[in-house]
Amino acid sequence: MTKLLEGKRGIIFGALNDKSIAWKVAEKAAEQGAKFTLTNAPIALRMGEINALAEKTGSAVITADATDMNDLKALFEKSQEELGGKLDFVLHSIGMSPNVRKGKHYTGLDHNFYAKTLDVSAASFHKVLQTAYEMDAINEWGSVLGLTYIAAQRVFPDYNDMADAKALLESIARSFGYHYGVKRKVRVNTISQSPTPTTAGTGVKGFDSFINYADSMSPLGNADASACADYCISMFSDLTRFVTMQNLFHDGGFSFTGVSEKVMEKF
Ligand SMILES: NC(=O)c1ccc[n+]([C@@H]2O[C@H](COP(=O)([O-])OP(=O)(O)OC[C@H]3O[C@@H](n4cnc5c(N)ncnc54)[C@H](O)[C@@H]3O)[C@@H](O)[C@H]2O)c1
């Protein structure tokens, strides 16, 4: 199918480099006819890689720290100006934990870092939604997506405080999805993605082992970033208009597999 997003306008958060899930979403959204702005935190933009994506997709790049309400307001204003009207989709593809970065154990977290993890990785989703809601910046049947991981439901010890952030993120999707649905028929969902070799993903301790474990456990194998982007496009399209407040597993069947033969053989 082509041009699933023809005539749609959006904002894509979180394209850091060509491994980022958001990068793949931007490429596919452009292929499907969407117009959008790209945004990331000032420090990520200084790395400069996003400019190549902006050129390829014909998009403007607008700086915003997703935890800063003033930045978000300016981002939504400028994006509507740049794109010529209200938006139809928003991708929140943001995650960061200073505790993971500094190797703090879950039982001995630095609580200033913990607050930062929750703010950047979860509360920022609420801030994005609240900004859009208050500005009435999203058209009816618009679609807002966050990206999450199954550590929100089950314990993956090295995922650390990001597990708590993902649980909060998924809860925000449900709660805001209710209110935004009632008020403006805007839908809000999270996609729970397989482990994926990106900058954020590989920062988690033991990533190489658990990406292989997940692959062996999943009947279809791990979903890669490009397949995740395809799913995001379908969720931004009009083909999924009545899906809201859901946490959608995009993981090759991992989430509902108790054990696989491949894993059994290893014991
Ligand atoms: N990689 C995986 O294994 C995996 C699995 C499931 C879910 N996810 C989720 O997918 C999303 C995207 O991550 P990714 O794997 O593409 O990695 P990534 O490192 O490419 O993307 C993370 C992005 O978050 C941005 N960011 C951090 N702090 C920010 C802030 N204050 N304001 C704005 N942006 C900020 C970074 O600059 C970066 O672009 C995250 O929510 C992540 O938790 C990843």
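Visitor: Which residues does the UniProt annotation "binding site" cover?
Guide: According to the unreviewed UniProt entry, the annotation "binding site" covers Gly-14, Ser-20, Ile-21, Ile-94 and Lys-166. Please keep in mind that the structure shown above is a predicted model.

Visitor: Let's take Ser-20. Where is it found?
Guide: Ser-20 belongs to the loop that lies between strand 1 (9-13) and helix 1.

Visitor: Does Ser-20 count as buried or exposed?
Guide: Ser-20 counts as buried, because it has 26 C-beta neighbours inside 10 Å and the cut-off for a buried residue is 20 or more.

Visitor: And which residues does Ser-20 touch?
Guide: Leaving aside residues up to four places away in sequence, Ser-20 touches Gly-14, Ala-15, Ser-93 and Thr-198. Gly-14 is itself covered by the "binding site" annotation from UniProt.

Visitor: What about Lys-166, where is that one found?
Guide: Lys-166 is part of helix 7, which spans 162-184. With 25 other C-beta atoms within 10 Å, Lys-166 is buried. Its contacts, again without residues up to four places away in sequence, are Thr-148, Tyr-149, Ala-151 and Ala-152.

Visitor: Now the ligand. Which residues come nearest?
Guide: There are 27 residues around the ligand, and those that come nearest are Ser-20, Gly-95, Thr-198, Ala-200 and Gly-201. Ser-20 is thus named here as well as in the UniProt annotation.

Visitor: Which element gives the largest share of that shell?
Guide: Helix 8 does, with 3 residues. Helix 1 (21-31), strand 5 and helix 8 (199-202) each supply at least two residues of the shell.

Visitor: How many of the shell residues are nonpolar, polar and charged?
Guide: The shell consists of 14 nonpolar residues, 12 polar residues and 1 charged residue.

Visitor: Different topic: the backbone. Which phi does Asp-136 have?
Guide: Asp-136 has a positive phi of about 45°, although it is not a glycine. As background, most residues other than glycine have a negative phi.

Visitor: Where is Asp-136, and is it buried or exposed?
Guide: Asp-136 is in the loop between helix 6 (111-135) and strand 5 (138-148). Asp-136 counts as exposed, because it has 11 C-beta neighbours inside 10 Å and the cut-off for an exposed residue is 12 or fewer.

Visitor: And what is the phi of Asn-160?
Guide: Asn-160 is not a glycine either, and its phi is positive at about 60°. The loop that holds Asn-160 runs between strand 5 and helix 7.

Visitor: Buried or exposed, for Asn-160?
Guide: Asn-160 counts as buried, with 22 C-beta neighbours inside 10 Å, whereas Asp-136 counts as exposed.

Methods: Residues numbered from 1 in each chain as written. Predicted model: local features only at pLDDT ≥ 70, side-chain atom pairs only at ≥ 80, totals over all residues. Helix = DSSP H or I, 4+ residues; strand = E, 2+ residues; numbered from the N terminus. Near = placed C-beta within 6 Å. Nonpolar A, V, L, I, M, F, W, Y, C, P; charged D, E, K, R; others polar. UniProt positions renumbered as here; feature names shortened; annotations may be inferred. Contact = placed C-beta atoms within 7 Å.
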